[in-house]
Amino acid sequence: MSFCNLLMKTGVNGGLCGTQTTALLLLNLSTRQGHTLRGKPPGVARTLEQRLRDENVSDPEVVARVNIGFPQLKPSRSAQLKTRLEHLKAQRASKELEQLARSNKLLIDLDKVQETYVQTTGQHDLRLLADHYGIFEHLFGSAYFVPRVPLSIRYELNADTFSPVYNGNVLKPAEVAKAPLVIFDGKLDPITSKSAQGDSYWTLLATNPDAHYTNPGAECLHWFIANIPNGKVGEGEILADYLPPFPPRGVGYQRMVFVLYKQQSRLDFSAHKLAATDYNNLEKRTFSTLDFYRQHQDELTPAGLAFYQTNWDESLTQFYHNVLQLKEPVYEYDYPKPYLADQKFFPLRQPFNLYMDKHRDSKQLNKEYLQRKLSQTHPFEGPEQPLRFPNAHPIRDVPSWLKTEIRKRRLGTGRVQDY
Amino acid sequence: MSRSARPLTSARVLHKIKELTTPATDGNFVTNRNPRNLERLRIAYKPTGYHLEKPGRSYWHTLEINTSGRYVSADVKHFENGTILSASTSEWAIKQQLYKTKDTSAFVNLGRVLAQRCLQAGITEMTCNVNAVAGSKLEKLLQAVQENGVSFQEPTRLPNTHPWDAYRHEKPWEVSEQTATVATKTSEVK
């Protein structure tokens, strides 16, 4: 009976199969024998990049950024080209240079390159780099500026050694303990990049957008000099004395940002004046560059930028105790906790002790491990000496799970390392 | 054991993940907003790329070199932010001191300038997927970059270890220059 059915079925299928293949050939479709297609076919299905782009869509008008810096009045391109081409022609005619280049001995002067670079394309590159470090986002929100005035900031270590501040280099707190030497061309007109007539006044602000302990959106004010006449920083009005950066242990690298503003005229900043007694008062040093700029945007225009990164070193312990008069804080990165499936009443194929350790109250677990550790620690002689050959000592008359536990304890692997 | 009776829906899984990843609000924490901090500490996300892709896209910073008919340019790219730093022999600052803009000495000097700019920008490690023929101008450029203080070995990302794992990796924020120098000195003594 069943055999008959089978025959009939195959017969029917054979008949159908023939029609199916012809139909497939006509439609030029391929059959997938091994597996069914999951999801949409290739070509129709979007890639991960496309899907992410569609999900994180943003309105260009809302996120449009505002340039709050100086515009640049470019010099005549033809005049510039004329001098440049003349220079290049002279270079190509120089026998000496040719000899150096052809013998691979030509080493160009990097200081001269840097000097020309900061005056030409370096300004735009610095803007890109500042974006990479999130400087504008955290200082000015959706505004940005192109730093037109090159800033040269150096921390003096000895008589002839300096730690310069560029754009993102790492300096240790021991190097930056004293106020740096700031040099810029105060006679420079940021728009035309030429020397201007008359007096100009500048404001220099050093802030740290990562240093605020309580409000992650605020900054810490480290240095504030206003009314700097013609670039002479020493003659400026110091509103907040230089406080060195104090990145706490474990927090990692903080940014220290120097922003130079050009003033329209001499200004009165007495509202921002930090009293000498408040030198180490971190509450009073809370600062927001965005609020400050909003308040004075008619008189101030950002013109220069430099920043460095700094992280904890041993010199900071004394600084915290003596200057800030605080207990030195120690932090750790807070890794996300591991995801655990819901606890089962009867978990199959799970070692019971490890399974319970995952789901138990962590305080209880810590207590057990600490108690065991302290019970093996002599009050005067300290902890027991570790075994020289931990695997050579037989473990007898215990169940296998305990054997594994003891072996792990002896070798110092697993949870023992946390205590 | 009432929890075991609850069905495991995707909404519940998402709720659990959200609970695990929301930061604590007890005030015992600080936030470091520096977007490069976690990369320096080797904790930040680093794309793994696709399995069969070559060259891979597993990097935070990478070096890319483009040659045109007349000039060479070297760009440092970040996996999210794109080009963040560049140097080219078409720049007036470099060009004005060169004899030719695409000869061997131009390549070498471009490498020196790029390395200087990388160090000024605090980028000391990056990957480099450029295949240079031995003895070529390109190889000399890469050598010049490395000789001037940039490493082409980017550190791997340290994954989050679970409490039940056998081994823990070092805590990257506890590794300072002082401990590193002490460690090398003791290894030298041994």
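The expected span of a helix is 1.5 Å times one less than its number of residues. That rule is applied in the first view of this predicted model.

**View 1. Helix α12 of chain A and the residue after it.** Helix α12(A) covers residues 400-411, 12 residues in total. At 1.5 Å a residue, the helix should therefore span 16 Å. Its end C-alpha atoms lie 16 Å apart, so expectation and model agree. Gly412(A) follows the helix. The phi of Gly412(A) is positive, near 75°.

**View 2. The two domains of chain A.** Domain 1 takes in residues 121-324. Domain 2 takes in residues 352-418. Between the C-alpha centres of the two domains there are 52 Å.

**View 3. The largest nonpolar core, with 80 residues.** Six residues touch the most other members. Five of these belong to chain A: Leu151(A), Leu204(A), Phe258(A), Leu260(A) and Phe307(A). Chain B contributes Leu110(B) to this group. Helix α5 of chain B (residues 104-120) gives the most to the core, with eight residues.

**View 4. Surroundings of Phe258(A).** Neighbours within four places in sequence are left aside here. Phe258(A) is then in contact with Leu151(A), Ile153(A), Val165(A) and Leu204(A), among others. Its further contacts are Ala206(A), Ala306(A) and Phe307(A).

**View 5. The side of chain A that touches chain B.** Here 65 residues of chain A are in contact with 58 residues of chain B. Elements of chain A that each supply at least two residues to this side include helices α3 (77-93), α4 (95-102), α6 (122-132) and α10 (352-359). Strands β5 (167-170) and β12 (254-263) of chain A also do so. Helix α5(A) gives the most, with five residues. By class, this side of chain A has 27 nonpolar, 20 polar and 18 charged residues.

**View 6. An open four-stranded sheet in chain B.** The strand order is β3-β2-β1-β4, with mixed pairing. Strands β3 (82-88) and β4 (127-128) form the edges, each pairing on one side only.

**View 7. Hairpins of the chain B sheet.** Strands β1(B) (residues 61-67) and β2(B) run antiparallel, joined by seven bridges. Thr62(B) stands opposite Lys77(B) of β2(B). Four residues lie between the two strands of this hairpin. Strand β2(B) (residues 72-78) also runs antiparallel to β3(B), with six bridges. Three residues link β2(B) to β3(B) in a hairpin. Ala74(B) has Ala87(B) in β3(B) as its bridge partner. His78(B) is partnered by Gly82(B) in β3(B).

Technical notes
Residues are numbered from 1 along each chain as its sequence is written. Chains are lettered from A and ligands numbered from 1 in the order in which they are written. This is a predicted model: local features need pLDDT of at least 70, side-chain atom pairs count only at pLDDT 80 or more; totals for chains, interfaces and linings use all residues. A nonpolar core is a set of buried Ala, Val, Leu, Ile, Met, Phe, Trp, Tyr and Cys residues joined through C-beta atoms within 7 Å. A residue is buried if 20 or more other C-beta atoms lie within 10 Å of its own, exposed if 12 or fewer, and partly exposed in between; C-beta atoms are placed from the backbone. Two residues are in contact if their C-beta atoms, placed from the backbone, lie within 7 Å. Ala, Val, Leu, Ile, Met, Phe, Trp, Tyr, Cys and Pro count as nonpolar, Asp, Glu, Lys and Arg as charged, and the others, Gly among them, as polar. Domain bounds come from an automatic or database domain assignment. Two strands pair if DSSP finds at least two bridges between them.
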